[in-house]
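Reader: I've got the structure open and I'd like to know what stands behind the labels people put on it. Can we go through them one by one?

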Amino acid sequence: MTEWEAVIGLEVHVQLATRSKIFSRAATSFGEYPNSNANAVDIALPGVLPVLNEEPIRMAIKFGLAIDAEIASSCRFDRKNYFYPDLPKGYQISQLDQPIVGRGALPIFLSDGSIREIGITRAHLEEDAGKSIHTAYDGFTGIDLNRAGTPLLEIVSEPELYSAAEAAAYFRELHGLVTTLEICDGNLNEGSMRCDANISIRPKGVETLGERTEIKNVNSFRFVEKALEYEIDRQIAVLDAGGEVVLETRLYDSERDETRSMRSKESSDDYRYFPDPDLLPVDITDEMIESVRVTVPELPTAKRNRYVLELGLTDYEAGRLIEDLNAARYFDAVAERGIDVKLAANWILGDVAAALNRDEISFANVPIAPDELGTLIQRIQDETITGKIAKSVFETLWAEGGSVDGTIENQGLRQLNDTSELENVVSQIISDHPGQVGQFRDGKEKILGFFVGQVMKATNGQANPKQVNEILRRELSVLPPTP
Amino acid sequence: MNPYANMAQLRSGLDNGDFSAEELVHFYLGRINAAADLNCFITVDSDRALAAAKSADKAIADKRTGPLTGIPIAHKDLFCTEGLLTSCASRMLHNFVAPYDATVVDRLRKAGAITLGKTNMDEFAMGSSNETSFYGPVKNPWNQACVPGGSSGGSAAAVAAGLAAACTGSDTGGSIRQPASFCGVTGLKPTYGRVSRYGMIAFASSLDQGGPIACTASDAGTLLNAMEGHDPNDSTSAIAEATDIDSSRRPLKIGIPSQYWNDLDSSMAKVLEAARHTLESLGHDCVPVELPHTEAAIAVYYVIAGAEASTNLSRYDGVRYGHRTTSPENLDDLYQFSRTEGFGSEVKRRILTGTYALSVGYYDAYYLKAQQIRRLIRQDFLDAFMEVDVLLTPVSPSTAFEREALIEDPVGMYQQDIYTTPASLAGLPALSLPCGMREQMPVGMQLIGPHFGESSILSLGCQYQNETDWHALHPAYEHD
């Protein structure tokens with residue numbers, strides 16, 4: 001049996017988070033009434049002309065700087081000609097041979113903990129098409145041009161990904177990067193990042209590439225992985241059976257978890273690319289590049305190193321925080337308070353994430369300010385409150401707002417740290433439960449938990465658990481045997 | 001009222017109260033109506049023209065006038081006009097009422113001009129005879145058997161016949177200059193980028209330029225002043241100093257390019273030679289210059305213009321506006337039948353040749369090669385303007401020809417553009433003005449200036465028209 005190797009390259013279309021479209025003044029907001037975000041330019045009325053907005057250029061430069069790529073000193077826009085009802089001009093304005101961003105690289109983190117740099121061939125600017133809606137009207141297709149003209153950055157990787165998991169890791173890493181750069185909102189379910197995958201199979205050790213297929217429009221990390229897994233298996237099965245892989249475009253059907261042939265590429269499309277005469281070449285000055293450079297924030301790789309190597313978080317914790325820029329921001333703001341960062345990460349990835357999920361809120365809008373969460377963790381560390389009480393304070397703050405210290409005072413939640421007071425409670429409980437005391441003496445250590453529970457109950461959960469344990473052990477041991 | 005009064009005369013007539021703007025508009029509307037057989041207009045906008053005239057009269061009474069207040073003009077039917085049919089003389093847009101004003105329309109209105117209506121043209125500005133219009137051919141007022149030239153034939157004929165004080169036109173390869181010469185009026189193609197293309201329905205984006213067609217060079221300058229200037233809606237519109245036609249009266253060095261004069265028909269050459277002597281008698285110096293790549297201009301022009309047109313016209317697909325076929329079976333039918341029915345044969349020819357020139361395997365040999373030669377043609381002019389201030393050439397190899405003489409001979413028709421396409425390819429300003437008659441038909445001369453050199457060619461044109469009366473000749477045609 002031949003040992004096969006998959007070779008994968010991804011083209012990821014990233015919707016840039018500009019307020020207006022790339023060549024018109026219409027808004028880009030998602031979910032608006034059909035065609036309400038489409039102006040004369042977007043509809044391609046006779047006589048209208050595209051005018052380039054600067055913001056997509058700045059965002060593309062920002063991306064280029066983040067992957068350490070060459071930024072073109074001059075780039076231009078071309079027309080890609082084809083007819084489709086949701087492509088109003090009959091051509092898409094794109095960049096063919098003078099992309100704004102040249103070769104760069106993106107490090108990805110593999111499951112074995114190693115890091116590999118994936119080459120990025122180029123990234124270019126283009127406009128998005130509208131949407132054809134086939135289900136709304138019987139026998140007709142609806143056209144919604146709200147999305148038409150939304151700026152896209154198409155990021156093309158080298159064929160340097162060798163498994164479905166690597167491809168998914170790359171897509172995830174790219175997602176983390178563009179959201180960190182704040183050039184994309186990263187909402188995969190709104191189509192903010194769409195992935196086309198080119199995949200081929202070759203015998204391991206062979207340099208040349210096999211015939212490829214292209215899987216179009218896969219829009220989630222999981223589906224990228226599943227679609228590629230399916231396609232790798234399919235191609236290997238074809239080759240093992242002595243067949244040949246056919247150059248074609250395939251679609252991934254997530255419900256059936258399979259790819260299906262969409263169209264053959266044999267009659268290759270002729271897009272008749274040529275420079276768009278309505279737009280001038282764009283000169284990108286060093287000055288402009290430098291003005292963008294100062295806006296590039298800490299990148300995911302650097303952040304990951306800081307979290308793992310400096311702060312001692314696990315890879316998993318670091319990964320989850322980096323996935324969501326706002327989570328990382330929230331964490332950084334909490335951690336700034338000089339508290340136990342591991343505890344902070346636990347709280348943020350545990351209680352905070354769960355509550356956000358429950359209430360369908362994003363990390364951009366956590367109802368508890370990072371300062372307050374920091375205080376809460378501080379109050380656990382300085383033993384003002386117990387961990388258990390902290391959770392109830394957290395819920396109160398979440399629902400009603402207010403401050404940590406105020407809530408602790410108002411509700412009398414302060415931890416009971418007074419040793420003599422605790423000793424009184426403990427001796428009362430011991431004398432109330434002679435039977436259980438006997439079990440303890442007979443060596444049934446587990447019964448200690450019962451006594452802790454009783455003390456907590458008697459103190460409304462405010463007793464310092466560490467002290468309770470100590471006192472209980474001491475008191476239970478020193479007591480004379482029961483007559 | 002004198003139907004051939006120039007704008008300067010109309011200005012003083014209005015300001016002195018000799019007639020009101022309303023009377024003037026009534027007068028022109030009457031003439032347009034009576035001249036229906038010339039077929040100059042696709043749409044006449046009487047009601048709004050009269051309403052605008054009333055406001056103009058108020059402004060004149062209040063002495064709040066600009067140079068164009070109350071001056072009735074018409075727009076070539078490829079300038080979008082809000083609330084008015086903008087058809088591009090095509091069945092494809094025979095139902096298209098523009099929801100916005102082109103920048104040119106907007107600026108002229110703000111300068112006080114009154115829109116009488118929209119003038120006929122070759123379909124999508126593709127043609128040199130105004131015979132490709134969906135609304136039928138325009139007749140030359142000098143001889144109704146002849147064409148008015150194209151594609152701005154309706155505008156040129158309307159000015160010649162005294163149906164409007166002036167008109168807008170557009171020039172891609174000669175579409176202002178050639179009809180101006182055929183109709184004995186003055187037309188200016190400005191420098192590429194001088195006038196905004198926003199709202200001017202595109203034919204070939206790297207060549208299209210709007211401009212005025214008027215009775216005199218002075219009027220053309222007045223109109224240009226209102227039309228020109230940077231427009232944020234057009235990335236290719238330039239930031240340039242405004243045209244000032246009174247600026248230069250110094251003696252100029254006028255280049256006579258042999259490539260434009262050597263093959264000229266002797267009767268045409270005689271008229272052009274006389275014009276040259278007149279300019280010399282005004283103190284200017286004529287010297288020979290060479291523009292060696294002139295010969296390639298027509299081929300280069302038709303490759304580039306066709307290529308750009310083929311994609312500019314892709315938006316006419318029957319989906320959102322314009323002509324749509326009835327009961328298409330599927331999407332391909334919708335496209336194919338809407339476009340087959342909506343476009344005329346000349347438009348189809350150019351879409352096909354342009355598509356061919358951009359196709360894989362032909363792009364390098366046609367489109368890319370044409371762009372390379374275009375640069376050489378441009379360089380010819382830049383070299384020439386190192387030696388001379390302006391160039392003097394014919395506008396067209398002949399005077400207006402008869403209808404149907406060339407319509408079946410596309411290459412012969414394209415040859416008509418031999419003297420106008422080079423300046424288009426180089427993006428240069430060029431003025432076409434009457435300089436004589438041949439067999440009762442007007443002959444035009446062309447003054448080509450360096451980039452943004454409108455001031456010098458218009459000034460020279462004014463000097464010439466102060467010295468001669470060719471621009472003051474009018475067709476014997478009368479309809480009342």
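Author: Sure, and let's begin with a cut-off: a residue is called buried if 20 or more other C-beta atoms lie within 10 Å of its own, exposed if 12 or fewer, and partly exposed in between. Keep in mind that this is a predicted model.

Reader: Okay, what makes Pro212(B) buried or exposed?

Author: Count the neighbours: Pro212(B) has 32 other C-beta atoms within 10 Å, and the cut-off for buried is 20 or more, so Pro212(B) is buried. Pro212(B) sits in strand S6 (residues 209-214) of chain B.

Reader: Which residues does Pro212(B) touch, leaving out those up to four places away in sequence?

Author: Its contacts are Ala166(B), Thr168(B), Leu188(B), Ala220(B), Leu223(B), Leu224(B) and Met227(B). Also, Gly187(B) is 25 residues from Pro212(B) along the chain, with 5.8 Å between the two C-alpha atoms.

Reader: And over in chain A, how do you know whether Ile322(A) is buried or exposed?

Author: By the same kind of count. Ile322(A) has 24 C-beta neighbours inside 10 Å, and 20 or more is what buried asks for, so Ile322(A) counts as buried. You'll find Ile322(A) in helix H7 (residues 315-323) of chain A. Leaving out residues up to four places away in sequence, Ile322(A) touches Gly176(A), Pro300(A), Lys303(A), Arg304(A) and Ala328(A).

Reader: Why does Glu182(A) get the label partly exposed?

Author: Glu182(A) has 14 other C-beta atoms within 10 Å. Buried needs 20 or more and exposed needs 12 or fewer, so Glu182(A) is partly exposed. Glu182(A) lies in the loop between helix H3 (164-180) and strand S10 (193-203) of chain A. Its phi is near 60°, a positive value in a residue other than glycine.

Reader: What about Gln440(B), buried or exposed?

Author: Gln440(B) has 10 other C-beta atoms within 10 Å, and 12 or fewer is the cut-off for exposed, so Gln440(B) is exposed. Gln440(B) is in the loop between strand S10 (430-438) and strand S11 (441-448) of chain B, and its phi is near 65°, again positive in a residue other than glycine.

Reader: Let's do helices. How do you know that the span of helix H10 (residues 370-381) of chain A agrees with what is expected?

Author: At 1.5 Å a residue, the 12 residues of H10(A) should span 16 Å, and the end C-alpha atoms are 16 Å apart, so the two agree.

Reader: What makes H10(A) "mostly covered"?

Author: Of its 12 residues, 9 are buried: Pro370(A), Glu372(A), Leu373(A), Gly374(A), Thr375(A), Leu376(A), Ile377(A), Arg379(A) and Ile380(A). The cover over them includes helix H8 (325-335), helix H9 (341-359), helix H11 (387-400) and helix H12 (404-410) of chain A. Just after H10(A) comes Glu383(A), with a positive phi of about 65°.

Reader: How does the span of helix H13 (residues 364-387) of chain B compare with the expected one?

Author: H13(B) has 24 residues and reaches 34 Å from its first C-alpha to its last, close to the 34 Å expected at 1.5 Å a residue. Its buried residues are Tyr366(B), Tyr367(B), Ala370(B), Arg374(B), Ile377(B), Asp380(B), Phe381(B) and Phe385(B). Among what covers them are strand S14 (274-275) of chain A and, from chain B, helix H10 (297-312) and helix H12 (345-358).

Reader: Why are H10(B) and H12(B) called roughly perpendicular?

Author: They pack at an angle of about 100°, with axes 7 Å apart. Angles of 65 to 115 degrees count as roughly perpendicular, so that is the label for H10(B) and H12(B). Their contact has 7 nonpolar, 5 polar and 1 charged residues. On the H10(B) side you'll see Tyr302(B) and Gly306(B), among others, and on the H12(B) side Arg350(B) and Ile351(B) are included.

Reader: Last one: what does the contact between the chains take from each?

Author: It takes 24 residues from chain A and 33 residues from chain B. On the chain A side, helix H1 (40-43) and strand S3 (78-81) each supply at least two residues. That side divides into 16 nonpolar, 3 polar and 5 charged residues.

Note on methods: Residues numbered from 1 in each chain as written. Chains lettered and ligands numbered in written order. Predicted model: local features only at pLDDT ≥ 70, side-chain atom pairs only at ≥ 80, totals over all residues. Contact = placed C-beta atoms within 7 Å. Helix = DSSP H or I, 4+ residues; strand = E, 2+ residues; numbered from the N terminus. Nonpolar A, V, L, I, M, F, W, Y, C, P; charged D, E, K, R; others polar. Expected span 1.5 Å × (residues − 1). Axes fitted to C-alpha atoms, helices over the stretch in contact; angles between N-to-C directions. Parallel < 35°, antiparallel > 145°, perpendicular 65-115°, else oblique.
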